[in-house]
Amino acid sequence: MAPEGVAELRDWLFLLMLCLTLLAEVLEFAAATGYEEEEDLVCPSVCRCDEDFIYCNDRGLSSIPPLPPSATVLYLQNNHIDNAGLPTSLERHLTVRVVYLYDNELDDFPMHLPPSLRELHLQDNNIRTLPRATLARMPLLEKLHLDDNSVSTVSIEDKAFIDNPRLRLLFLSRNHLSSIPSGLPASLEELRLDDNRISTIPTHAFRGLSSLRRLVLDGNLLANQRIADDTFSRLSNLTELSLVRNSLLTPPLNLPSAHLQRLSLQDNALIHMPRGSLDGMRRLQRLDLSGNNLTTLPRGLFKDLDSLGQLLARGNPWHCGCNLRWLHDWLHARGNSITVRGLICQAPEKVRDMTLKDLTSQMEECEVTGVVPAGAGAGATGSGTRDRVGGVGGVAASSTTLSPPQGSLFTLRSKRPGLGLPDSGLDYTLGSSGVGKSLALNVKPLAHDSIRVTWSVAQPTSSFRLSWLRLGTSAAMGSITETLVRGDRREYLLTSLQPRSSYIICMVPLAASSGGKGAMAGGDTDSDEAPVCAKAETSDPSQPDVGQEDNQDPEHMATLPLAGIIGGATVIVSLALIFAIFCWYGHRAGRLSSRDQYSRGSSRKSKHYDDYIESGTKKDTTILEIRGPGFQMTPMVTHQPPKPLREDYIIHTIFPSNGTGLYKGAHQVSNAGYGTNRGYRERGIPDIDYCYT
């Protein structure tokens, strides 16, 4: 073929390809324009459509309007949609991935939802049940939000989530749950059950949830006695555990430590952090102990917390004695790699409101003793901290102190303690008191976590070594806690003890050496006297503290004499006042009765009241007031001959005061009308037992 023909064919092919390309572009543009117009036509008028996002929220809707087929995310929250407002056509929208239906009026778990659903928000409704059949319609569901509903433990159907193998997040906060729901899927990674009524967590509660990474149990009714020992140990991949606002006295046992990064224990009732409770938590980054009743932390508690970057400890009554010298040194060693908030001292008084990190000068007065091998003698001590005289841990206390402050503490763990404590494996008959050669010891439980120790000595000593051991299945491997007490102290208060536990408490006086800075500055030596021991048992937290009630009895008895005096005086004054009122009333009633009888007698027809004045006589009222309680006026017989005016009326006393005859006198005059005798004194003065006019 000629070269001219080849060139012409090539040009025609190029033009053909160009036309085909232009035609394809035109067809694609026309299809896109028509599709957009179709989408604009199917978007509900009450909603707003933005590509695949349909916004129908806050519209006052009572039902879901027809939706475009390309919708993937539906915003239907804050409406009045109930279960009847969910159309059956909704389950045919296979492109929908996320549905927001929170804050509506749903009473039951919604049906006819698309099976392609991945995320469902149903917060703030009134959903009561979780049926298995309804959840099975959404096999691809990954996130389910059911906060602020009315779901109870019994209303969750058995194996309700068995057909949701992809469920990773389940929120059931602020419902009516009383226990951990059963049958949770093994794929679950985050579980929120805060602000429910959960009080018990059995061993099998989290069985199979090895993928769980975040667990929130805030605001429930959890207590140490109702949590199984190995409950949390099954959650091997847990990174965050929150137990805020419960009733825990100590952290739960066997917390997962391999991957835990955040541990929240604030706003509980923690009184003690056992040594070893945080062991192995090498990845822990945040520890919150705020809002509890912690006064101290045992040595070695943070030995594995190399990654800890935030320690929150506000709201605790910290006692910044030499017992926290180790924590002070640990914080300074960490430097700026850790943020500490709220570690403010509340005692002793001279360091109140100071941060522990600022007590460098005070902590220098504490002396760190070395480890003494076991069997070194009765005075052997463990690794720990002692108080100097006047140091930060030393507190001057008299024998009359009602609440002795907690002194410096240090813990010793050894197979055979150096101090000669009784072996709990033997049958020792220890009581609440013990007597030695020069020391008498007495112990008394005050509460479920405290014991009062008092003692008396025959001769003064420089200091005492006080030790206590909690008895268990193997006392030899137990933890002995020791402290040095100044020689002028006669009582001590042991706090942060385990409830319902038996303790052996021993004390031995220490003799001062000839040299050194003082008795409490490290110059003490052990005396030859064997330790004096006693045994005490702490009470059950659920029972009333008998010791505290007994401790308050003397105070109440001291107020009884004063209360008796005040009460007796009040009764006497009240009785005297009542008696005076009664007498006054009786006397007044007698006088009024006398006046009434006198008035009635003087109104007789034979004599008017004014005749007393006319006859020139004066009524003698002194006799009436002194003599009888009453009198009467008797008119004389009218048929008797007229007599002087003074014989018209006779006033007789009704009850003579001397108990004898009515009248006496030298002149006896007979009166036939009344059969009485009238006596006259000399010179015509009538006898005092009667008067006349």
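# A guided tour of the predicted model

The protein has eight helices and 33 strands. What you have open is a predicted model. Before selecting anything, take in the whole chain: of its 693 residues, 43% count as buried. The exposed surface comes to about 36200 Å², and carbon and sulfur atoms supply 54% of that area. Of the contacts between residues at least 6 apart in sequence, 58% join residues at least 24 apart.

**Stop 1: an aromatic cluster**

Select Tyr55, Tyr75, Tyr100 and Tyr102, which form one aromatic cluster. The structure as a whole holds seven aromatic pairs. One of them is Tyr100 with Tyr102, an edge-to-face pair with 6.4 Å from centre to centre and 85° between the planes. Is Tyr102 buried, partly exposed or exposed? Its relative accessibility is 25%, so Tyr102 counts as partly exposed, the class that starts where the buried one, under 20%, ends.

Keep Tyr55 on screen and add Arg48. The charged end of Arg48 sits over the ring of Tyr55, 4.3 Å from the centre of that ring.

**Stop 2: the loop after Tyr55**

Now select Asp58, in the loop between strand S2 (53–55) and strand S3 (73–75). Asp58 is not a glycine, yet its phi is positive, about 55°. With a relative accessible area of 49%, Asp58 is partly exposed.

**Stop 3: Asp147 and its surroundings**

Go on to Asp147, in the loop between strand S6 (143–145) and strand S7 (169–171). Is Asp147 buried or exposed? At 7% relative accessibility, Asp147 counts as buried, because the limit for that class is under 20%.

What surrounds Asp147, leaving aside its neighbours within four places in sequence? Show Leu122, Gln123, Asp124, Phe171, Leu172, Ser173, Arg174 and Asn175, with which Asp147 is in contact. Leu122 is 25 residues away from Asp147 along the chain, but the two C-alpha atoms are separated by 7.4 Å. For a polar contact, look at Ser173: the side chain of Asp147 meets the side chain of Ser173 at 3.3 Å.

From Phe171, one of the residues in contact with Asp147, move to Arg192. The charged end of Arg192 sits over the ring of Phe171, 5.7 Å from the ring centre.

**Stop 4: Glu240 among arginines**

Select Glu240, in strand S10 (residues 240–242). Glu240 is buried, with a relative accessible area of 16%. Which residues does Glu240 touch, not counting those up to four places away in sequence? They are Arg213, Arg214, Leu215, Leu260 and Arg262. With Arg214 there is also a polar contact, side chain to side chain, at 3.0 Å.

**Stop 5: helix H3**

Select residues 325–334, which make up helix H3. Why can H3 be called largely enclosed by the rest of the structure? Because seven of its ten residues are buried. To see them, colour Arg325, Trp326, Leu327, His328, Trp330, Leu331 and Arg334, the buried residues of H3. Then step past the end of the helix: just after H3, Gly335 takes a positive phi of about 65°.

**Stop 6: the loop between S16 and H4**

Continue to Pro348, found in the loop between strand S16 (345–347) and helix H4 (360–363). The peptide bond joining Ala347 and Pro348 is cis, with omega about -5°.

Asp353 lies in the loop between S16 and H4 as well. Here phi is near 65°, a positive value in a residue other than glycine. Is Asp353 buried or exposed? Asp353 is exposed, with a relative accessible area of 57%.

**Stop 7: residues 562–585**

For the last selection, take residues 562–585. An unreviewed UniProt entry lists residues 562–585 as "transmembrane region". How much of this stretch is helix, and how much strand? In the model, residues 562–585 are 100% helix and 0% strand. Mark the two end C-alpha atoms of the stretch, which are 35 Å apart.

Note on methods: Residues are numbered from 1 along each chain as its sequence is written. This is a predicted model: local features need pLDDT of at least 70, side-chain atom pairs count only at pLDDT 80 or more; totals for chains, interfaces and linings use all residues. Side-chain values use heavy atoms; hydrogens and water are left out. Rings of Phe, Tyr and Trp (its six-membered ring) pair if their centres lie within 6.5 Å; planes under 30 degrees apart count as stacked, over 60 as edge-to-face and the rest as tilted. Buried means under 20% relative accessible area, exposed over 50%, partly exposed in between (1.4 Å probe, protein chains only). A charge sits over a ring if NZ of Lys or CZ of Arg is within 6 Å of the ring centre and within 35 degrees of the ring normal. UniProt positions are given in the numbering used here, feature names are shortened, and annotations may be inferred rather than shown by experiment. Helices (H or I, at least four residues) and strands (E, at least two) are DSSP runs, numbered from the N terminus. A polar contact is a pair of N or O atoms within 3.5 Å; within protein, one must be able to donate a hydrogen and the other to accept it, and residues adjacent in sequence count only if both atoms are side-chain atoms. Contact means heavy atoms within 4.5 Å. Accessible areas come from the Shrake-Rupley method with a 1.4 Å probe; for residues, only the protein chains shown count as cover.
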